[in-house]
Number of protein chains: 2
Amino acid sequence: MMKLKAVFYHAGCPVCIAAEDKLAEAIDATRYDVEIVHLGDSKSRIKEAEEAGIKSVPAVLLEGTAFHINFGANLSDLS
Amino acid sequence: MMKLKAVFYHAGCPVCIAAEDKLAEAIDATRYDVEIVHLGDSKSRIKEAEEAGIKSVPAVLLEGTAFHINFGANLSDLS
């Protein structure tokens, strides 16, 4: 079965880590390929995140729809 | 196996519906019991949500940790 795509964007902030531990981990890995992207380390992917509608981290992109979780950091603070 | 507990709080707003369709649906139902609570309809549960740390909807409570998603409505606007 072709898996759905989930991308969890974060930047290592405490809110991000909690969200990764609980929320990214809760996603059904039998249906979703879950990719974790640290935008602080992978600055080359900030543009891709912005184009997908991500405005802050932590956030999760589920099949192209961006969901921002709590509030960690603005993308503009990472680049 | 004892399942983990996930509660998705919303209030029927468009942001809530998108989050319910994608994010609540992505949670692994083999590991989590996912309960969906519409706080507009179930006002009696607003107090419980507030006590769990929910400040706005849509939000998901995973094993007691509150994650607010995007921004739909303040709890104070629902009561």
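This is a short talk on one helix, two cis peptide bonds and two positive phi angles in a predicted model.

I'll start with the helix. In chain B, α1 covers residues 14–26, which is 13 residues. From first C-alpha to last, α1(B) reaches 18 Å, close to the 18 Å expected at 1.5 Å a residue. There is still a kink in α1(B), of about 40 degrees, and Glu20(B) is at its centre.

Which residues of α1(B) are buried? They are Cys16(B), Ala19(B), Leu23(B), Ala24(B) and Ala26(B). As a reminder, an α-helix has 3.6 residues a turn, so residues three or four places apart point the same way.

Next, the cis peptide bonds. In chain A, Val57(A) and Pro58(A) are joined by a cis bond with omega of about -5 degrees. Pro58(A) belongs to strand β3, residues 56–62 of chain A. In chain B, the bond from Val57(B) to Pro58(B) is cis, and omega is near 0 degrees. Strand β3 of chain B, residues 56–62, holds Pro58(B).

Last, the backbone at residue 63. Glu63(A) is not a glycine, yet its phi is positive, about 50 degrees. Where is Glu63(A)? It sits in the loop between β3 and β4 of chain A, with β4 spanning 65–74. Is Glu63(A) buried or partly exposed? Its relative accessible area is 39%, so Glu63(A) is partly exposed.

In chain B, Glu63(B) also has a positive phi of about 50 degrees without being a glycine. Glu63(B) is in the loop between β3 and β4 of chain B. Glu63(B) counts as partly exposed because its relative accessibility is 40%.

Definitions and conventions: Residues are numbered from 1 along each chain as its sequence is written. Chains are lettered from A and ligands numbered from 1 in the order in which they are written. This is a predicted model: local features need pLDDT of at least 70, side-chain atom pairs count only at pLDDT 80 or more; totals for chains, interfaces and linings use all residues. Side-chain values use heavy atoms; hydrogens and water are left out. Helices (H or I, at least four residues) and strands (E, at least two) are DSSP runs, numbered from the N terminus. The expected span of a helix is 1.5 Å times one less than its number of residues. The bend at a residue is the angle between axes fitted to the seven residues ending there and the seven starting there. Buried means under 20% relative accessible area, exposed over 50%, partly exposed in between (1.4 Å probe, protein chains only).
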